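User: Please take a close look at one part of this model, a place where two helices meet, and set it against the chain as a whole.

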Amino acid sequence: MAGTGGPVATFSVWDYVVFAGIILVAAGIGLFQAIRSRKETSNAEFLLGGRQMTAVPVAMSLTASFMSGITVIGTPTEAYRFGAAFWIFGFSYAVMSVVTAEIFVPLFYRLGITSAYEYLEMRFNRPLRIIGTSMYIVQTSLYTGMVIYAPALALNQITGLDLWGVLVATGAVCILYCTLGGLKAVIWTDVIQMVIMLAGFVAVIARGAVLQGGLTQIWDDAGRGGRLEAFDFDPDPLRRHTFWTIVVGGSVMWVSIYAINQSQVQRYVSCRTLGHAKMSLYVNLLGLWVTVSLAVFAGLTMFSIYKDCDPLSNGDIGTQDQLLPYLVMDILSDYPGIPGLFVAAAYSGTLSTVSSSINALVAVTVEDFILPICKNLTEKQVSWMNMGLSVFFGAVCIGMAGVASVMGSVLQAALSIFGMISGPLLGLYLLGMLFRTSNPTGGLVGMILGLLLTLWVGIGGQIYPATAEKTLPLPISTAGCNNTMGQNHTTSAPWTSTLPPTSPPHVRPPLADSWYSLSYLYFSLVGAVTTVVCGLLVSVITGGRKQEEINPDLFVKMSDIICFSSCSKSEASDVTEKPATDFDLKADNSTPKDFDLMSKDAEKATKL
């Protein structure tokens with residue numbers, strides 16, 4: 001009987017057939033796009049889909065790339081252990097969508113960039129662009145390795161699939177359709193994978209509702225278990241998830257992920273018009289809402305089934321990350337092929353994230369490191385280079401999965417990476433976009449200080465994790481288990497390790513219960529604010545821009561925010577009329593004519 005503990009079934013033949021079939025379909029889309037576009041082998045076609053994508057597929061791709069295997073497996077577990085507070089991220093997604101669509105998209109689209117980090121050279125100088133690109137490559141390689149490894153480990157121990165065989169196969173499939181199909185293949189594959197992931201959640205919820213006697217019963221069980229007390233307005237920044245940490249800190253974190261992360265920027269600048277680019281983010285918002293709602297409700301369904309017999313406390317599984325795969329095999333093994341669908345859903349999340357990362361890593365490497373040095377490369381040479389780099393970065397990500405296998409708390413680290421690195425980068429962009437007086441010296445000093453601060457609090461939080469008083473795990477029980485193998489207990493870590501949890505250090509320094517206990521959602525906010533404030537102060541001390549003429553297109557304009565329709569017609573048409581192969585857009589290439597009309601205004605604006 002489901003929900004009473006004990007061993008569960010493993011994969012059947014049909015499950016393997018369904019799983020393999022879905023993975024092969026993903027690879028087939030890459031091959032189809034390669035054959036269909038075999039004559040269009042330009043750099044623009046490979047990296048940006050020829051800038052001819054429309055809003056809906058790009059929106060679904062934006063959502064799918066956010067939906068990694070960590071999210072598919074981790075979000076329901078979060079709701080099971082800590083309640084439905086994770087749903088409040090819906091507010092953060094709304095703030096992120098508006099800020100990105102109305103401030104960042106018009107700016108990037110107007111400049112016609114391929115790499116998000118081209119902006120840093122246009123606004124500041126080349127060293128800052130190189131630093132920004134390098135930070136992105138390190139962050140994305142680490143995160144992608146964790147994305148491949150963590151779901152593979154959880155599913156390996158439940159389904160019996162060979163761990164390293166799955167890791168290599170995952171990387172190989174992503175390399176195949178990234179190498180042959182470019183961004184079009186990635187986007188259209190993400191659309192299919194998004195549908196598969198949502199179908200996996202629906203299957204879990206529907207079967208759980210049948211077993212428990214309806215959705216109302218699931219909701220009532222969650223309420224009695226304290227899982228519906230989502231709105232906690234405690235302003236304490238040390239509390240892991242409250243309304244304020246999620247809405248304020250979470251919004252800044254997601255802006256840093258969507259607004260300046262190459263994986264996302266590359267998608268919306270591939271749209272045919274600015275209107276499509278903005279609309280893709282608003283449609284993506286609906287996708288995020290649906291996804292997080294289904295994921296949280298899947299977690300509440302899991303609690304309703306296991307409210308009297310927690311599988312982790314009962315010794316049926318080794319880590320919390322195995323809860324959802326265990327549930328799937330427990331309640332869906334009677335339906336051949338359905339567990340295979342769910343495993344394919346988890347791996348679809350992994351595939352979409354890995355393919356997005358590989359394509360984005362290729363884009364920034366070509367645009368930021370290779371083309372500025374080798375300016376005479378032919379389109380065919382660049383095309384072959386793109387394919388070779390796809391293979392290289394795919395191998396790097398598989399290697400990083402091997403590194404993740406010997407790390408503790410890989411999922412906690414994965415969530416913190418974006419805050420520690422993207423926060424200071426977001427501050428650097430805001431410094432350049434909003435303040436004309438900021439200069440390269442201020443930007444560099446501000447970003448370094450912001451990065452040091454976030455690394456300090458992030459690494460300190462890993463060594464001295466917050467206590468249960470700050471994370472507030474909800475009670476669980478083993479009273480209804482058939483074979484209790486362990487004692488009832490709770491865990492305080494926000495995300496579980498793939499290795500057995502280590503005991504916290506006996507001696508905790510004074511900062512452990514204050515600075516190091518800061519909610520991980522505030523890492524981005526701390527990094528961004530530090531970068532902007534310190535960058536402005538240093539810029540003022542070092543003389544600002546000293547009346548230099550600055551291209552007005554490098555700053556946020558009121559027309560970007562208040563004029564959606566006219567901008568989408570006029571400015572977008574200007575961009576799409578540019579030659580598709582003209583990607584070497586640099587600050588040094590701007591002619592004085594561009595600035596003559598604005599020179600007097602620029603001189604006034606750069607004065608404090």
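What share of the 608 residues in the chain is buried? And which residues make the contact between helix α4 and helix α13?

Analyst: This is a predicted model, and buried residues make up 60% of the 608 residues in the chain. The fold has 23 helices and zero strands. Of the contacts with a separation of 6 or more, 87% are between residues 24 or more positions apart.

On the helix pair: α4 spans residues 69-82 and α13 spans residues 323-332, and their axes come within 8 Å, crossing at roughly 90 degrees. Because angles of 65 to 115 degrees count as roughly perpendicular, α4 is described as roughly perpendicular to α13. From α4, the contact draws on Val 72, Ile 73, Pro 76, Thr 77 and Tyr 80, while α13 contributes Leu 323, Leu 324 and Pro 325. By class, seven of the contact residues are nonpolar, one is polar and none is charged.

Elsewhere in the chain, the largest nonpolar core holds 145 residues. Within this core, the members that touch the most others are Tyr 93, Phe 104, Phe 108, Tyr 119 and Tyr 429. Tyr 119 can be followed further: leaving aside neighbours within four places in sequence, Tyr 119 is in contact with Leu 107, Phe 108, Leu 111, Tyr 429, Gly 432, Met 433 and Leu 554. Phe 108 and Tyr 429 thus appear both among the contacts of Tyr 119 and among the core members that touch the most others.

A polar residue in another helix can be added. Thr 365 lies in helix α14, residues 338-370. Thr 365 has a relative accessible area of 10% and is therefore buried, the cut-off being under 20%. Its contacts, apart from neighbours within four places in sequence, are Ile 137, Ile 370, Leu 389 and Phe 393.

As for confidence, the chain averages a pLDDT of 77, and 77% of the residues score at least 70. Among the elements, helix α19 (residues 523-541) has the highest mean pLDDT, 94, and helix α22 (residues 593-596) the lowest, 41. The pLDDT is below 50 over residues 484-504, a stretch with 58 contacts in the model beyond near neighbours in sequence. It is also below 50 over residues 563-608, where the model has 63 such contacts.

Note on methods
Residues numbered from 1 in each chain as written. Predicted model: local features only at pLDDT ≥ 70, side-chain atom pairs only at ≥ 80, totals over all residues. Heavy atoms only, no water. pLDDT = per-residue confidence, 0-100. Helix = DSSP H or I, 4+ residues; strand = E, 2+ residues; numbered from the N terminus. Contact = heavy atoms within 4.5 Å. Axes fitted to C-alpha atoms, helices over the stretch in contact; angles between N-to-C directions. Parallel < 35°, antiparallel > 145°, perpendicular 65-115°, else oblique. Nonpolar A, V, L, I, M, F, W, Y, C, P; charged D, E, K, R; others polar. Core = buried A, V, L, I, M, F, W, Y, C linked by side-chain atoms within 4.5 Å. Buried < 20%, exposed > 50% of the residue type's maximum accessible area, 1.4 Å probe, protein only.
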